[in-house]
Amino acid sequence: MAERELSSTARAFLREKRFAVLATVNRNGTPQQSVVWYDLDGDEILMNTKAGRIKERNLRRDPRCSICIDDGYRYLTIRGTVTLIDDQAVAQEDIRRLSTRYHGPERAEQQMRDQFSNEHRVTLRLTVERVKEYGF
């Protein structure tokens, strides 16, 4: 059964380090999927991307999307709309946060220095509208 809010089980699952598959809508209506880093931030899902990528262009045109996070036969899908944040102070701090979550502080600092600080980054904040839990 789909819910509108994240349950405590879903929140615990999202706090574990996993990858999400983000689905956006291409201009011609077909789906576009990308594997992304994410973090749960209150009631929103925080993601970040380099400006100009297809997912960012799709979300500017149509902010509807969904993500799927799986662990074998357990998975969670979330559908909603994304708010894009172009403020570089915010976006750079968010990519640092995500890199630290996935790689630890030392590697995150290296990635910031060698890659991310040289890129125009965009934060994606997914507002949860529907949640589907399976296998919990």
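**Helix 3, the largest pocket and selected residues**

In helix 3, the buried residues (under 20% relative accessible area with a 1.4 Å probe and protein chains only, where over 50% is exposed and anything in between partly exposed) are Ala 91, Gln 92, Asp 94, Ile 95, Leu 98, Ser 99, Arg 101 and Tyr 102. The model is a predicted one, in which local features need pLDDT of at least 70 and side-chain atom pairs count only at pLDDT 80 or more, while totals for chains, interfaces and linings use all residues. Residues are numbered from 1 along each chain as its sequence is written, and side-chain values use heavy atoms, with hydrogens and water left out. Helices (H or I, at least four residues) and strands (E, at least two) are DSSP runs numbered from the N terminus.

The cover over the buried residues of helix 3, in terms of contact (heavy atoms within 4.5 Å), includes helix 1 (8-15), helix 4 (105-114), strand 4 (39-41), strand 5 (44-50), strand 7 (74-85) and strand 8 (121-134). Helix 3 itself runs over residues 88-103, and its 16 residues should span 22 Å at 1.5 Å a residue, which agrees with the 21 Å between its end C-alpha atoms; the expected span is 1.5 Å times one less than the number of residues. At the N-terminal end of helix 3, Asp 87 acts as a cap, with a side-chain oxygen 2.9 Å from the backbone nitrogen of Ala 89. Just after the helix, Gly 104 takes a positive phi of about 90 degrees.

Arg 101 lies in helix 3 and counts as buried because its relative accessible area is 18%. When residues up to four places away in sequence are not counted, Arg 101 touches Leu 14, Arg 15, Glu 16, Lys 17, Arg 18, Tyr 38 and Asp 39. Of these, Tyr 38 is placed in the loop between strand 3 and strand 4 and is likewise buried, with a relative accessible area of 0%. A polar atom of the Tyr 38 side chain lies 3.4 Å from the backbone oxygen of Glu 16. Between Tyr 38 and Ala 51, which are 13 residues apart in sequence, the C-alpha to C-alpha distance is 17 Å.

The largest pocket has a volume of about 180 Å³. Its lining comprises 13 residues, and Val 36, Trp 37, Asn 48, Arg 53 and Arg 121 are those nearest its centre. At least two residues of this lining come from each of strand 3 (31-36), strand 5 and helix 3. By class, seven of the lining residues are nonpolar, three polar and three charged.

In strand 8, Arg 125 is buried, since its relative accessible area is 16%. The side chain of Arg 125 makes a polar contact of 2.8 Å with the side chain of Glu 44, a polar contact being a pair of N or O atoms within 3.5 Å, of which, within protein, one must be able to donate a hydrogen and the other to accept it, and residues adjacent in sequence count only if both atoms are side-chain atoms. Besides Glu 44, Arg 125 touches Asp 41, Ile 45, Leu 46, Thr 81, Val 82, Thr 83 and Ile 85, residues up to four places away in sequence not being counted.

Thr 77, in strand 7, counts as partly exposed because its relative accessibility is 25%. Leaving aside neighbours within four places in sequence, Thr 77 is in contact with Ile 67, Cys 68, Arg 130, Val 131 and Lys 132. Although Thr 77 and Arg 130 are 53 residues apart in sequence, their C-alpha atoms are 8.1 Å apart in space.

Conventions:
1 Å grid on protein atoms, 1.4 Å probe; cavity = no way out; pocket = protein on both sides within 12 Å on 5 of 7 lines; lining within 4 Å. Points joined across faces, edges and corners; volume = space filled by probe spheres on them. Nonpolar A, V, L, I, M, F, W, Y, C, P; charged D, E, K, R; others polar.
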